[in-house]
Amino acid sequence: MAQSSASHVVPIQSVGVLPAGAVAPNFTLRATPDQTLTLSDLLGRPVILAFYPADWSPVCGDQMALYSEILPEFRKFGAELLGVSVDGAWCHDAFAQNRHLHFPLLADFEPKGAVAHQYGAYRAADGVCERALFVIDKKGIIAWSYCSPIAVNPGADGILQALEDLPK
Amino acid sequence: MATLKVPVTAEDHAQGPASADVTLVEYGDYECPYCGQAYPIVQEVQKQFGKRLRLVFRNFPLSEMHPHAEAAAEVAEFAGAQGKFWEMHDKLYENQARLGEELYFDLADKLKLSSTALRQALEQRTFEARVRADFKGGVRSGVNGTPTFFINGHRHDGSFDFETLVSAIHQAMGTPKSASGKLKPRIFAKSGSS
């Protein structure tokens, strides 16, 4: 009797964000219209990777604007903060200027969401990134990850705790 | 779920008894328009619950977005050091469109606070450390924008319209009310408007 082909079913949705202990997939993304950033160039210090759905979300509750305010707290740990969404570099540029953001916003723009996909942080149904956070240690290993409900700005408490928990 | 990491103490600015059933902690920014919207709503909520509710206000100035927020917070703390925190807090929100030195000295005058002392406090940044401490504690507790509310220590992720807040407070009291709290509909962020 023929066996069912269940093992061939292709998942249409990611099963969740990459967990702690996984190697952070390397990538090169556009940080400005004429500059790119490669994750592996940051080896040697912790990296906070913050995937978010879209630029131009409402003003005061905006997650990226909040992180920009908190930047000095992240820097105390020597950490580098990177925002990632599927918006293009020019869009990021205008958004960063408007919200006074002092850290790079990376454009996971073409192929759309490819990096988010690798991190299990792509929301195929909506065509945007999840609101997913990763703290990557100085060796390039994910030390902590968290995927927030899309409507809830996760704040920064989890990030700070994860940075604090990194081996010195 | 994000929880309040800095417990409410006698150092906090509070309205309502410490024995209240529910403590509502607001992290706010005097220049934030959503906090401005929340201000009269919170007052209505206080009226609704009377002594069963204690309100605590902590500073969370988003200075990159709001150039007046930090100074306004320091002005309120200055007034607070002289027992007039809530009077100043209220007047700052009631005059949110006019934030700036002229308003601060005008309000100090109205509240019979020394303008010389206020000038000194602003110049010497006497209350910067207190405002900063509130901010850092807020970050550690998962404050994710302004205003952020904590109801008995749990971050309130719903909207801050009157119905939703009242319903969430009832729930914390263990007396659920029929009016159901609605989650904010948009997918793009927590923020104020409902």
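Before I show you a loop, let me say that helices here are DSSP runs of H or I with at least four residues, strands are runs of E with at least two, and both are numbered from the N terminus. With that numbering in hand, we can place B:T126, which is found in the loop between α5 and α6 of chain B. Please keep in mind throughout that this is a predicted model.

Let us stay with that residue for a moment. Is B:T126 buried or exposed? A residue is called buried if 20 or more other C-beta atoms lie within 10 Å of its own, and exposed if there are 12 or fewer; B:T126 has 16 such neighbours, and therefore it counts as partly exposed. If you look for B:E74, which is 52 residues away along the chain, you will find that the C-alpha atoms of B:T126 and B:E74 are separated by 7.9 Å.

B:E74 brings us to a pair of helices in chain B, α2 with residues 69-81 and α5 with residues 115-123, whose axes come within 10 Å and cross at roughly 130 degrees. The two helices α2(B) and α5(B) are therefore described as oblique to each other, and their crossing is right-handed. On the side of α2(B) the contact is made by B:A71, B:E74 and B:F78, while α5(B) contributes B:L118, B:A121 and B:L122. When the residues of this contact are sorted by type, five are nonpolar, one is charged and none is polar.

Next, the sheet of chain B, which is open, has five strands in the order β1-β3-β2-β4-β5, and shows mixed pairing. Its edges are taken by β1 (13-15) and β5 (154-156) of chain B, each of which has a single partner strand, so one side of each is left without a neighbour in the sheet. On average, and ignoring direction, neighbouring strands in this sheet are turned by 25 degrees against each other. Within the sheet, β2 (residues 22-28) and β4 (residues 148-151) of chain B pair in the antiparallel sense over four bridges, and B:L24 stands opposite B:I151 in β4(B). Helix α6 of chain B, residues 128-141, packs on the sheet, where it touches β2 and β3 (53-59) of chain B, and the direction of α6 makes about 110 degrees with that of β3(B).

Now let us move to chain A, whose secondary structure comes to four helices and nine strands. Of the 168 residues in chain A, 45% are buried. Which part should we look at closely? I have chosen strand β3 of chain A, residues 47-51, where five of the five residues are buried, so the strand is largely enclosed by the rest of the structure. From β3(A), the residues A:V47, A:L49 and A:F51 point one way, whereas A:I48 and A:A50 point the other way.

This strand has partners that we can follow in turn. Five bridges join β3(A) to β4(A), residues 80-85, and the two run parallel, with A:V84 as the bridge partner of A:F51. Another five bridges join β3(A) to β8(A), residues 131-136, but here the strands run antiparallel, and A:L49 stands opposite A:F134.

From β8(A) we can step onward to β9(A), residues 142-148, since six bridges join these two antiparallel strands, and A:V135 has A:W144 as its bridge partner in β9(A). Together β8(A) and β9(A) form a hairpin with five residues between them, and in the turn A:G140 has a positive phi of about 90 degrees.

Note on methods
Residues numbered from 1 in each chain as written. Chains lettered and ligands numbered in written order. Predicted model: local features only at pLDDT ≥ 70, side-chain atom pairs only at ≥ 80, totals over all residues. Axes fitted to C-alpha atoms, helices over the stretch in contact; angles between N-to-C directions. Parallel < 35°, antiparallel > 145°, perpendicular 65-115°, else oblique. Left-handed = near helix turned anticlockwise from the far one by under 90°. Contact = placed C-beta atoms within 7 Å. Nonpolar A, V, L, I, M, F, W, Y, C, P; charged D, E, K, R; others polar. Pairing = 2+ DSSP bridges.
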